[in-house]
Amino acid sequence: MAAASTMASSETPSEEQLITQEPKEANSTTAQKQSKQRKRGRRGPRRSHANCHGDSFATYFSRVLKPVHQGLSLSQEAVSVMDSMVHDILDRIGTEAGRLARYTKRVTITSRDIQMAVRLLLPGKMGKFAESQGTNAALRTSLCAIWQQRK
């Protein structure tokens with residue numbers, strides 16, 4: 001028992017030792033700089049999009065549904081299921097496009113990578129249809145930008 005009490009007292013500092021020890025001074029400016037450097041990466045601070053609760057496609061579901069079926073609406077549960085499905089598909093497309101870019105030893109994901117990822121992930125005619133719709137949307141966007149520059 002006596003050996004156990006001496007070991008415990010030698011491991012923990014006594015009150016006298018605690019009082020005589022001076023607190024360590026930390027230079028506040030260097031500590032702040034180090035904390036900023038830890039937070040920032042090479043390209044600045046990164047924000048995770050997966051944890052954002054504000055990113056929702058709920059407003060777009062009703063906009064797409066209205067011209068097709070005038071009187072119908074979606075329940076809250078259906079909107080939640082559709083929203084999670086869209087997030088999942090977009091995540092898969094982004095991951096696959098990143099893989100394709102990495103295979104060709106490029107850092108930038110191009111529109112061709114996105115196109116190929118869609119063709120690989122979506123089966124059969126659905127992939128071809130999605131590719132043609134995406135191409136048409138990209139062309140419309142670029143043509144609108146050209147017309148606005150001319151005006």
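**Exercises on a helical model**

Lys105 counts as exposed, because its relative accessibility is 77% (buried means under 20% relative accessible area, exposed over 50%, partly exposed in between, with a 1.4 Å probe and protein chains only). The model is predicted, so local features need pLDDT of at least 70, side-chain atom pairs count only at pLDDT 80 or more, and totals for chains, interfaces and linings use all residues. Residues are numbered from 1 along each chain as its sequence is written, and side-chain values use heavy atoms, with hydrogens and water left out.

**Exercise: elements and confidence**

State how many helices and strands the protein has, and find which element has the lowest mean pLDDT and which the highest.

Solution.
- Step one: count the elements. There are 7 helices and 0 strands (DSSP runs, H or I of at least four residues for helices and E of at least two for strands, numbered from the N terminus).
- Step two: read them in order. The pattern along the sequence is α-α-α-α-α-α-α.
- Step three: turn to pLDDT, the predictor's confidence in each residue, from 0 to 100. The protein has an average of 78, and 64% of the residues score at least 70.
- Step four: compare the elements. Helix α1 (residues 2-11) has the lowest mean pLDDT, 50, and α5 has the highest, 94. Where pLDDT is low, the predicted coordinates should not be read in detail.

**Exercise: burial and contacts of the whole protein**

What share of the residues is buried, and what share of the contacts with a separation of 6 or more joins residues 24 or more positions apart?

Solution.
- Step one: of the 151 residues in the protein, 12% are buried.
- Step two: take the contacts (heavy atoms within 4.5 Å) with a separation of 6 or more. Residues 24 or more positions apart account for 32% of them.

**Exercise: the packing of α5 and α6**

Describe how α5 and α6 pack, and list the residues that meet.

Solution.
- Step one: choose the two quantities. Two packed helices are described by the angle between their axes and the distance between the axes.
- Step two: read the values. Helix α5 (residues 76-103) and helix α6 (residues 111-121) have axes 8 Å apart, at an angle of about 120° (axes are lines fitted to C-alpha atoms, for helices over the stretch in contact, and angles run from 0 to 180 degrees between N-to-C directions).
- Step three: classify the angle. Because of it, α5 is oblique to α6 (under 35 degrees is roughly parallel, over 145 roughly antiparallel, 65 to 115 roughly perpendicular, and the rest oblique).
- Step four: give the hand. The α5 and α6 crossing is right-handed (the near helix is turned clockwise from the far one by less than a right angle; anticlockwise would be left-handed).
- Step five: list the residues. From α5 come Arg92, Ile93, Glu96, Ala97, Leu100 and Ala101, which meet Asp113, Ile114, Met116, Ala117, Val118, Leu120 and Leu121 of α6.
- Step six: sort them by class. This contact has 10 nonpolar, no polar and 3 charged residues (Ala, Val, Leu, Ile, Met, Phe, Trp, Tyr, Cys and Pro are nonpolar, Asp, Glu, Lys and Arg charged, and the others, Gly among them, polar).

**Exercise: one charged residue in α5**

Is Glu96 buried or exposed, and which residues does Glu96 touch?

Solution.
- Step one: locate the residue. Glu96 is part of helix α5.
- Step two: apply the cut-off. Glu96 counts as buried because its relative accessibility is 14%.
- Step three: leave out residues up to four places away in sequence. Glu96 then touches Ala117, Leu120 and Leu121.

**Exercise: the loop between α5 and α6**

Describe the places of Lys105 and Thr110.

Solution.
- Step one: Lys105 lies in the loop between α5 and α6, and its phi is near 60°, a positive value in a residue other than glycine.
- Step two: Thr110 also has its place in the loop between α5 and α6. Thr110 is partly exposed, at 31% relative accessible area.
- Step three: from C-alpha to C-alpha, Thr110 and Leu100 are 9.7 Å apart, with their positions 10 residues apart in sequence.

**Exercise: the packing of α6 and α7**

At roughly what angle do the axes of α6 and α7 cross?

Solution.
- Step one: the axes of α6 and helix α7 (residues 124-150) cross at roughly 155° and come within 8 Å.
- Step two: α6 is therefore roughly antiparallel to α7.
- Step three: the α6 and α7 crossing is right-handed.
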